[in-house]
Amino acid sequence: MKFTEEHEWLRAEDDVVVVGITEHASEQLGDVVFVELPEVGTQVTKDDEIVVIESVKAASDILAPIDGEIVEVNEVLTDEPGKVNDDPMGEAWFFKIKPSEPGQMDDLMDEAAYKKYIG
Amino acid sequence: MADLEITPLNALHRELGARMVPFAGYDMPVQYPMGVMKEHLHCRARAGLFDVSHMGQVILRAPGGHAEVARAMEALVPVDLLGLGVMRQRYGFFTNEAGGILDDLMLANRGDHMFVVVNAACKADDIAHMRAGLSGVEVEAITDRALLALQGPDAEAVLETVAPGVAAMRFMDVGIIDTDFGDLWISRSGYTGEDGYEISMTEDQAEPLARALLEHEAVEPIGLGARDSLRLEAGLCLYGHDIDTTTSPVEASLNWAIQKVRRAGGDRAGGFPGAARILEEMQTGAERTRVGLRPEGRAPMREGTPLFAAAEGGDPVGHVTSGAFGPTIEGPMSMGYVPCDMAAEGVEMFGEVRGKRLPVRVAKLPFTPANFKR
């Protein structure tokens with residue numbers, strides 16, 4: 001599993017990458033009340049704002065961690081945004097992306113580096 | 001972080017695992033481990049304990065007792081204070097010459113003097129304003145007392161164990177009760193829409209009293225996050241957001257707080273800053289008014305969201321002044337200002353969120369029914 005400085009996790013699954021936010025991010029956000037997902041088929045570039053999360057406190061964006069095409073989104077989160085707090089590293093993944101530059105994954109942090117990053 | 005002030009409960013908040021944030025110059029708990037959503041729901045279902053010690057407590061005295069203070073204060077506040085019963089409290093606000101609101105506050109007739117509670121962010125200005133505007137009145141800022149709020153359906157039973165007699169109080173009654181925690185200044189009031197009490201105690205008693213209340217399984221500590229969603233569901237204004245120096249009490253739909261005797265034709269009509277504008281607006285109406293708003297879907301429309309009459313084109317007709325997700329109503333809610341001809345319940349308009357215009361309808365306030373014990 002790989003991690004970004006924006007507190008996303010990425011897990012390679014065959015030829016796609018599953019993306020969510022970390023436990024740390026979900027704790028910092030507080031109770032999530034709204035999630036807006038990108039459309040399947042969207043071509044995204046690293047750092048595009050593609051997901052909006054509203055918590056009880058504020059709105060935040062999730063950035064595309066790598067270049068690629070959105071091939072699936074987790075529609076469950078639209079109706080049950082609270083799952084982002086319940087199981088951020090598992091059931092509450094946000095989207096699956098088909099990388100166009102798979103090498104970008106190598107630039108991301110591994111778990112040990114991420115743990116050090118969040119201190 | 002520049003020199004934040006702390007309340008006497010600061011160590012207890014940290015012990016309870018609160019996440020602390022700067023608020024109005026104080027280091028305050030925004031939430032506890034339970035989280036904003038559950039804290040909110042707990043307060044509506046059982047009872048919540050809030051540290052509101054950052055608010056300003058002020059005693060006003062004059063040789064002529066409460067009546068003299070009330071007469072002087074009526075020159076600053078458009079509220080019937082001479083008619084306020086002994087050991088009764090009333091909501092009011094300081095107005096400015098332009099008819100805007102300088103702060104909102106609670107005013108209590110405590111027999112031989114008046115006790116007021118003002119917002120933390122405004123307290124220095126409020127005290128200066130009272131000292132300048134109240135001749136012959138001694139303005140004493142109470143800096144050695146803390147303030148707690150205990151709110152929710154179980155508040156009465158819990159507080160009765162500490163301060164016997166509070167169950168007999170009605171909404172907006174005030175009392176001074178001698179207890180194991182010293183003399184408590186108690187009012188049956190709050191800012192959540194629930195029944196409950198606000199309790200002032202000497203600062204050395206704040207932690208022992210808070211611990212005694214938290215020992216009850218009905219009581220959980222509640223942070224500023226849930227305090228905000230609770231007051232918004234209750235349709236209550238937050239100073240600096242829903243009301244400020246640019247909003248008149250009439251625009252803010254606070255006419256109810258200006259009693260007949262202070263209105264045009266009343267025995268003590270006017271005589272407060274901005275009376276000309278405010279009394280005229282009360283008769284002819286303001287151009288805009290504060291309303292409740294329910295966005296469609298789940299996305300909250302937060303403070304500053306511009307409101308449009310149509311899905312496309314045109315200039316904004318108003319804006320949102322508070323917006324959040326309402327845990328009890330299980331949906332987003334906002335308050336904002338709109339033209340009076342768009343203020344009827346059910347009128348549809350559009351709030352622009354992240355560049356998209358989303359539908360929102362005018363809704364009745366409060367969003368949740370008040371549970372006051374009148």
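Helices and strands here are DSSP runs, with at least four residues for a helix (H or I) and at least two for a strand (E), numbered from the N terminus. With that settled, here's a tour of the model, which is a predicted one.

Let's start with a backbone oddity in chain B. Pro366(B) sits in the segment after β19 (356-363) of chain B, and the peptide bond leading into it from Leu365(B) is cis, with omega near -5°. Another spot to look at is Met87(B), which isn't a glycine but still has a positive phi of about 60°. You'll find Met87(B) in the loop between α3 (65-73) and β5 of chain B.

Strand β5 (residues 88-95) of chain B takes us on to the second largest pocket, since this strand gives the most to the pocket's lining, with four residues. The pocket itself has a volume of about 720 Å³. Thirty residues line it, and the closest to its centre are Tyr91(B), Phe171(B), Met172(B), Trp256(B) and Phe372(B). Sorted by class, the pocket lining splits into 16 nonpolar, nine polar and five charged residues.

Now for a sheet in chain B. Six strands make it up, in the order β10-β11-β12-β9-β3-β13; the sheet is open and its pairing is mixed. At the edges stand β10 (174-179) and β13 (219-221) of chain B, and each has a single partner strand, so one side of each is left without a neighbour in the sheet. From one strand to the next, the twist averages 25°.

Inside this sheet, β3 (residues 47-51) and β9 (residues 145-151) of chain B run antiparallel and are joined by four bridges. Phe50(B) stands opposite Ala149(B) in β9(B). Helix α2 (residues 36-45) of chain B lies across β3, β9 and β13 of chain B, and runs at about 120° to β3(B).

Strand β3(B) also turns up in the enclosed spaces. Rolling a probe the size of a water molecule over the atoms shows where empty space is left. There are two cavities of 30 Å³ or more, and they look like this:

| Cavity | Volume | Lining by class |
|---|---|---|
| Largest | about 50 Å³ | eight nonpolar, one polar, one charged |
| Second largest | about 40 Å³ | five nonpolar, one polar, two charged |

Which element gives the most to the lining of the largest cavity? That's β3(B), with three residues. Both α1 (10-15) and β3 of chain B supply at least two residues each to this lining. Leu9(B), Leu12(B), His13(B), Leu16(B) and Leu49(B) are among the residues that line the largest cavity, as are Leu214(B) and Pro221(B).

For the second largest cavity, β3 and α7 (224-233) of chain B each supply at least two residues. Its lining includes Pro29(B), Ile222(B), Gly223(B), Leu224(B) and Arg227(B). Tyr32(B), Phe50(B) and Asp51(B) line the largest cavity, and these residues also line the second largest. So Phe50(B), the residue opposite Ala149(B), faces both spaces as a lining residue.Finally, chain A. Its secondary structure comes to four helices and nine strands, and along the sequence they follow the pattern β-β-β-α-β-β-β-β-β-α-α-β-α. The radius of gyration of chain A is 13 Å, close to the 14 Å that the globule rule gives for 119 residues, so chain A is as compact as a globular protein of that length. Taken along the principal axes, its C-alpha atoms fill a box of roughly 35 × 35 × 20 Å.

Technical notes: Residues are numbered from 1 along each chain as its sequence is written. Chains are lettered from A and ligands numbered from 1 in the order in which they are written. This is a predicted model: local features need pLDDT of at least 70, side-chain atom pairs count only at pLDDT 80 or more; totals for chains, interfaces and linings use all residues. Side-chain values use heavy atoms; hydrogens and water are left out. On a 1 Å grid over the protein atoms alone, a cavity is a set of points where a 1.4 Å probe fits but cannot get out, and a pocket is an open set with protein on both sides within 12 Å along at least five of seven lines; lining residues have an atom within 4 Å of a point. Grid points are joined across faces, edges and corners, and a volume is the space filled by probe spheres set on the points. Ala, Val, Leu, Ile, Met, Phe, Trp, Tyr, Cys and Pro count as nonpolar, Asp, Glu, Lys and Arg as charged, and the others, Gly among them, as polar. Two strands pair if DSSP finds at least two bridges between them. Axes are lines fitted to C-alpha atoms, for helices over the stretch in contact, and angles run from 0 to 180 degrees between N-to-C directions. Contact means heavy atoms within 4.5 Å. The radius of gyration is taken over C-alpha atoms; the globule rule is 2.2 Å times the number of residues to the power 0.38.
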